[in-house]
Amino acid sequence: MEFKYDTRDLRFILKEWLPTQEVLECERFKEYSIEDIDQILNEGYKMCREVISPINAAGDKNPVRFENGIVTSPSGYREVFQFIQKNGWGSSSECVQVESGMPLLIFKAVSELVSASCPAMNTNIKLTSGAANVILNYGTEDDKKRFIPKMLSGEWQGTMNLTEPSAGSDVGDALAKSYPTDDPRVYKIKGTKMFITAGDGSICDNIIHLVLARPPQGCKGSAGLGLYIVPKYWVNEDGSVGKPNDVTTIAVEHKMGLKGSATCMLNYGENDECFGIMLGAPPDEKGRSQGLAMMFRMMNESRIGAGHNANSQASAAYSQASQYAVERIQGYINGERVPIIKHPDVKRMLMDMKAQTEGIRAMIFKGFYSLDIAENSSDRIKAKKYEDIAAILTPLIKCYSSETAVAMTCEAMQVLGGVGYTKEFSIEQYVRDCKISTIWEGTSYIHAQDLVKRKMRMGDGQPFANWMDDILTFIQAHKGTPGLEKEFINLEKAYHCMDGVKKLFDTWQLNKMEELIGLYAIRTLFICSQVMVAECLLEQALIAQKQIAQLSSDHFDITFYKGKIASAKYYANNILPNVFITSEIIKDADLSSQECPEESLIVN
């Protein structure tokens, strides 16, 4: 089936729901206007349909090859990567401090289309953008001149290197080392990194790795790690490419999905000839560096991107399932053969996918709006408020979006039935491709821990309290709205459940009940996410109600607005009630999983 995607919802988010104009009034974005959105989305969608989507299935069927130490990307990937970058649809539009950069709100709408049409390609763009942003923020002017132009042009790409065979989520256990040379900013790098997405390949002429490594005076743990720019081929001070930099690919992972993207194990300094340029200051007198803190800027962008990437694939799977449901004739109703969309359970599954992908998209773009205001508003009080909101939303977006996407792509497969399980349709690829998002950039448990241990408590708990107060204010202002009475009752009840769980976690924190905090962290994140998604959908439903009241019954947009109300109602009445029972489970604090002998959990 040809690639199709719902750009109408993106337009609704940008032009009718979120205050995009506030972002466009920031000095950095004064060249953009609301009127540009349609053209940007139209051109981006055309590019995805005509240029990008054709390589998606092809890259899955004929994936990355690793032969004789050389990694070769799938056919067409080099041309598509460079087309995206050179035509301004990639890193040059996403990077800070770049004049042509778009607001995240608008750029991420196009990025969503790219991810939906070929998620393996989008990883190359995201990683290059992230690496470039780290260099732009923490590199010297010479570093920027040396690396940024070709990273933005598509000639080079970027990566981040954290994971090692002995250090996964515990980054502080990293064994990679850096050794000083006669040049105080240049270090020799030695070590092995694994699971490096886009770590090698043939889509461009050089790869700029950002590598965490420990200098001799670095203290133990993550605080002692420095961050280094380590090109695959050395880059001279004038920007020209020099000799190979002793970066060797020793393996390419054989993955469940995203087969068009090379996930590599890399050796640095096998021949003692690998060099890296230090970012930031050298270790202080206690051996502490800012390497991981600098890398976290890239990681946080990638964490939001992982959730967005997953939801885009779930949305693409939903689009394909809906097309199939209209075309597939199966079964009888009132004695007549009908398309399967007429069957109640198929319609329920489509409604489930619609409500969840739309609601999660709304939460994601509220996050992008918050980041735009935080980074660009001249009102520093407002900027700080939205910086806090973005911090709170990051673990929700990363974890809830990715976990839900796996279920939604599987539900899309269920709509297709047996053929959905075959390679004739791309649903099975979406299922395989999106699963990594629950693991990428930290597992769901890590982000749940981030929420309950950090985000709930940062700033003495005030930012999280403010976020909750905003939700409560919205409920109190609109409960009793005709046509949405039941939905606001459910949202208010879910809010109070969330509030009760938050108070319970405060008690557990005070009494250092780490076992309970860890055991119920993910379920607490789901509660917060579902309340947030329901609020977003009800905000949108209120706008839809007003539009319907103003339009004629035969207006072409009537079905869209009715669909927005249906999404809010379905989510509030079918998904949000999960909060009620989950909060009771958390309050019960059952420890049977922990009390069970470990031997009983092991299958011999």
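**Exercise 1.** Is Lys564 buried or exposed, judged by its relative accessibility? Determine also which salt bridge Lys564 forms.

*Solution.* The model is a predicted one. Step 1: the relative accessibility of Lys564 is 1%. Buried means under 20%, so Lys564 counts as buried.

Step 2: Lys564 forms a salt bridge with Glu358, and the closest N and O atoms are 3.2 Å apart. This pair links distant parts of the chain, since Lys564 belongs to helix α19 and Glu358 to helix α11, 206 residues apart.

Step 3: Glu358 is likewise buried, its relative accessible area being 4%. Salt bridges with shared partners join Asp9, Glu112, Lys354, Glu358, Arg361 and Lys564 into one network.

**Exercise 2.** Establish how Asp345 and Arg348 are placed in helix α11, and state how far apart their closest N and O atoms are.

*Solution.* Step 1: both residues lie in helix α11 (residues 344–376), and because they are three residues apart, about one helical turn separates them. An α-helix has 3.6 residues a turn, so residues three or four places apart point the same way.

Step 2: Asp345 and Arg348 form a salt bridge in which the closest N and O atoms are 2.7 Å apart.

Step 3: Asp345 is partly exposed, with a relative accessible area of 43%, and Arg348 is partly exposed at 35%.

**Exercise 3.** Classify the ring pair Phe12 and Phe560, and then the ring pair Trp508 and Tyr520.

*Solution.* Step 1: the whole structure contains 15 aromatic pairs. In one of them, the ring centres of Phe12 and Phe560 are 5.6 Å apart and the planes stand at 65°. Planes over 60 degrees apart count as edge-to-face, so the pair of Phe12 and Phe560 is edge-to-face.

Step 2: this pair links distant parts of the chain, with Phe12 in helix α1 (residues 7–17) and Phe560 in helix α19 (residues 558–575), 548 residues apart. Phe12 is buried at a relative accessible area of 0%, and Phe560 counts as buried at 12%.

Step 3: for Trp508 and Tyr520 the centres are 6.1 Å apart and the planes are at 40°, so this pair is tilted. Trp508 is in helix α16 (residues 485–510), while Tyr520 is in the loop between α17 (514–519) and α18 (521–550), so the pair ties together parts twelve residues apart in sequence. Trp508 and Tyr520 are both buried.

Step 4: a charged residue also accompanies one of these rings. Arg8 lies over the face of Phe560, 4.2 Å from the ring centre.

**Exercise 4.** Describe the surroundings of Lys453 and identify the polar contact of its side chain.

*Solution.* Step 1: Lys453 is part of helix α14 (residues 444–455) and is partly exposed, with a relative accessible area of 32%.

Step 2: when neighbours within four places in sequence are left aside, Lys453 is in contact with Gln509, Glu514 and Ile517.

Step 3: the side chain of Lys453 makes a polar contact with the side chain of Glu514 at 2.9 Å.

**Exercise 5.** Check the span of helix α8 against the value expected for its 20 residues.

*Solution.* Step 1: the expected span is 1.5 Å times one less than the number of residues. For the 20 residues of α8 (residues 119–138) this should give 28 Å.

Step 2: the end C-alpha atoms of α8 are 28 Å apart, which agrees with the expected span.

Step 3: α8 is mostly covered, as 18 of its 20 residues are buried.

Notes
Residues are numbered from 1 along each chain as its sequence is written. This is a predicted model: local features need pLDDT of at least 70, side-chain atom pairs count only at pLDDT 80 or more; totals for chains, interfaces and linings use all residues. Side-chain values use heavy atoms; hydrogens and water are left out. Helices (H or I, at least four residues) and strands (E, at least two) are DSSP runs, numbered from the N terminus. Buried means under 20% relative accessible area, exposed over 50%, partly exposed in between (1.4 Å probe, protein chains only). Contact means heavy atoms within 4.5 Å. A polar contact is a pair of N or O atoms within 3.5 Å; within protein, one must be able to donate a hydrogen and the other to accept it, and residues adjacent in sequence count only if both atoms are side-chain atoms. Rings of Phe, Tyr and Trp (its six-membered ring) pair if their centres lie within 6.5 Å; planes under 30 degrees apart count as stacked, over 60 as edge-to-face and the rest as tilted. A charge sits over a ring if NZ of Lys or CZ of Arg is within 6 Å of the ring centre and within 35 degrees of the ring normal. A salt bridge is a side-chain nitrogen of Lys or Arg within 4 Å of a carboxyl oxygen of Asp or Glu.
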